[in-house]
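Colleague: I should be grateful for a close look at one part of this model, namely how its helices pack against one another. Please set that packing in the context of the chain and of the contact between chains.

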Amino acid sequence: MQSVIPASLTITHESAKTLLKCKGDWTIENLLEVADQLENLTPQPNIFWDVAEISEIDSAGIALWQLSNRTLEQKGHKCETIGIRNEHSRLYRLLYSESFQNSPPPDSPSWLYRLGRETHFSVLGIGSFLSFLGEAFILLFFTLRHPQLIRYRSIGTHILETGANALPIIAISAFLIGVVVAYQSVVQLQKFGADIFIVDMIGISLTRELAPLITAIVVAGRSGSAFTAQIGAMKMTQEIDAMKTMGFDPFTFLVWPRVFALMIVMPLLIFFADMVGIFGGMVIAHAQSNLSFTEFIHRLQGALALKHYLIGILKGPFFAFLIAFVSTYRGFQVSMNTESIGHYTTKSVVNSIFLVIACDALFSILLTELKL
Amino acid sequence: MKQIIIDVRDVVTAFGEHLIHDHINCTVRENEIYALLGGSGSGKSTLMREMILLERPQSGTIHVLGHDLSKLTPLEAAGLRRSWGVLFQSGALYSSLTVGENIALLYNEYTDLSPKLIDELIQLKINLVGLPPHAKHLYPSQLSGGMVKRAALARALALDPKLLFLDEPTSGLDPLSSRQFDALIQQLRDLLGLTVIMVTHDLDTIHHIVDRFTLLGEKKAIAEGNLREVLAIDHPIVDYFFKKGPHGITC
């Protein structure tokens with residue numbers, strides 16, 4: 001290894017003439033001081049670069065020399081370089097073989113343009129989701145006429161994956177929701193000595209609203225994101241293209257098994273969440289207002305009309321349909337770069353949770369109007 | 001005799017039970033274009049990954065620029081990593097950054113140069129590898145395969161390394177682009193005084209620009225030397241690579 005001589009610049013001013021004597025190693029690590037000197041230079045009209053004593057120069061050194069040279073010329077100075085060594089001029093010719101072109105960054109568009117473009121793409125997005133749904137249904141009717149195409153095995157795998165394997169997390173979430181609701185209501189009801197109504201509170205609110213919603217949110221976060229990531233990864237590795245060329249339709253092979261599996265599993269998961277959630281409420285009712293389990297269940301039979309329970313269960317397939325379709329659709333949107341898989345997985349979860357809540361609100365309005 | 005840049009001695013590599021390298025030796029000298037050649041699964045990429053500190057051999061020593069890779073302090077390792085550039089097979093450009101930002105990252109991280117000078121340097125590197133000026137503002141996903149390789153080369157050259165590692169530089173390029181890429185690498189070697197180590201299958205590259213190479217096969221280094229020296233060796237794998245089949249080279 002040769003010893004390093006830091007780059008240096010000696011500036012001498014004569015009448016109408018500035019001599020810049022460059023010395024040392026003009027390499028990227030040693031340039032900082034020289035760059036500062038050149039930045040603060042106030043030269044005479046004629047400038048001479050003497051580069052004969054530069055021992056080593058790399059592209060950063062040459063760029064600095066050229067950049068300063070160009071800036072000075074633009075200010076109206078006359079520049080000349082003397083003493084270029086042969087090995088250095090070869091590097092210079094390599095780097096500046098064509099006249100230097102810098103391309104300015106493209107203009108960022110105005111807010112109005114961006115707003116318009118975003119709106120345009122949002123509308124297009126809705127359209128493409130609808131056409132995705134449409135294509136899926138055409139394939140569904142085709143598959144129903146040719147039942148041998150139904151992928152039972154795949155449906156089974158997804159039932160196991162999205163249903164059975166989701167039980168622990170759903171149990172914990174539902175139990176805690178039961179506990180939270182019971183705690184909040186017990187405090188209020190005790191003020192009126194109406195402790196017993198905690199059973200109505202827990203029974204109705206859980207089975208009708210909270211259990212379906214919590215289950216749907218957990219499923220959207222757990223299985224919806226998995227669907228998007230699985231299909232997105234297959235898209236990136238061109239597996240989906242491979243399937244298409246072999247005549248395996250992605251809708252029959254990837255979309256419908258997931259949709260059916262989730263639609264079958266969701267009501268079951270909601271039923272499970274109902275049970276665990278009510279149990280959570282029972283535990284708190286027992287602890288806080290000495291309501292025994294038998295008493296609780298006896299009261300529950302009177303308080304909880306069948307319709308509340310059925311409405312909750314009925315929401316399941318609808319939520320499942322939305323979650324499964326949004327997440328598979330987002331999976332197909334993944335493009336060939338690594339970022340997009342994360343981007344669309346996030347989008348898929350956010351979209352499905354929003355749609356589930358919107359759908360739940362719609363149910364509430366509808367059922368209230370129907371006096372159910 | 002030129003200075004030795006990389007010296008691989010008795011390297012043994014195994015992944016679990018699977019032996020990859022069985023006492024491999026090879027030597028890369030200054031300013032040469034050196035290739036690691038071999039069939040799929042012959043461990044040539046693994047050998048390169050060991051040279052650039054991404055893998056460790058089970059035993060044996062690798063010296064790069066005079067440093068023993070198994071005895072590096074973190075500081076030495078950092079210095080060594082700055083003195084080489086690596087071009088990965090698929091480019092490995094950061095997809096969230098534009099080409100310009102991919103290159104600027106190194107300058108911003110390792111130097112205190114002014115933004116204007118960094119901008120000039122980025123543009124120089126982009127011109128150097130033959131990309132159009134506006135490529136600076138494009139994202140990797142907007143580039144074609146050949147442009148990705150060139151952009152990745154520009155990034156590898158950002159800090160003017162003395163040592164350049166290329167993993168299958170011409171794979172995925174059409175024959176004309178491959179030859180242009182070869183010519184570019186040769187020109188850079190001549191003008192920047194680089195030492196280039198590449199993993200390649202491309203016999204045209206071997207024929208045209210590679211000075212010396214090692215042929216890996218059966219877990220060993222079967223032959224090392226320039227094309228004529230290797231062709232003189234009588235070994236089935238040498239025959240398989242160079243003499244038989246429609247793409248063989250005969251001299």
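Modeller: Among contacts in chain A between residues at least 6 apart in sequence, 84% join residues at least 24 apart. This holds for a predicted model, in which the secondary structure of chain A amounts to 12 helices and 4 strands. Chain A has a radius of gyration of 36 Å, well over the 21 Å that the globule rule gives for 372 residues, so chain A is more spread out than a compact globule. Its C-alpha trace spans about 110 × 60 × 50 Å along the principal axes, and 32% of the 372 residues of chain A count as buried.

As to the packing itself, two packed helices are described by the angle between their axes and the distance between the axes. In chain A, helix 5 (residues 152–162) packs with helix 9 (residues 250–289) at an angle of about 50 degrees, the axes being 8 Å apart. Helix 5 of chain A and helix 9 of chain A are therefore oblique to each other, since an angle of 35 to 65 degrees falls in that class. Their crossing is right-handed. Helix 5 of chain A enters the contact through Ser154(A), Ile155(A), His158(A), Ile159(A) and Thr162(A). From helix 9 of chain A come Pro257(A), Arg258(A), Phe260(A), Ala261(A), Leu262(A), Ile264(A) and Val265(A). By class, the residues of this contact divide into 8 nonpolar, 3 polar and 1 charged.

A second pair is found in chain B. The axes of helix 3 (residues 99–110) of chain B and helix 4 (residues 115–128) of chain B come within 10 Å and cross at roughly 125 degrees. Helix 3 of chain B and helix 4 of chain B are therefore oblique to each other, and helix 3 of chain B passes helix 4 of chain B in a right-handed crossing. Gly100(B), Ile103(B), Ala104(B) and Tyr107(B) make the contact from helix 3 of chain B, while Ile118(B), Leu121(B), Ile122(B) and Lys125(B) make it from helix 4 of chain B. This contact has 6 nonpolar, 1 polar and 1 charged residues.

Helix 4 of chain B also takes part in the contact between chains. There, 23 residues of chain B are in contact with 24 residues of chain A. On the side of chain B that touches chain A, helix 4 of chain B gives the most, with 8 residues. That side of chain B has 9 nonpolar, 9 polar and 5 charged residues.

Methods:
Residues numbered from 1 in each chain as written. Chains lettered and ligands numbered in written order. Predicted model: local features only at pLDDT ≥ 70, side-chain atom pairs only at ≥ 80, totals over all residues. Helix = DSSP H or I, 4+ residues; strand = E, 2+ residues; numbered from the N terminus. Rg over C-alpha atoms; globule rule 2.2 N^0.38 Å. Buried ≥ 20, exposed ≤ 12 C-beta atoms within 10 Å, placed from the backbone. Contact = placed C-beta atoms within 7 Å. Axes fitted to C-alpha atoms, helices over the stretch in contact; angles between N-to-C directions. Parallel < 35°, antiparallel > 145°, perpendicular 65-115°, else oblique. Left-handed = near helix turned anticlockwise from the far one by under 90°. Nonpolar A, V, L, I, M, F, W, Y, C, P; charged D, E, K, R; others polar.
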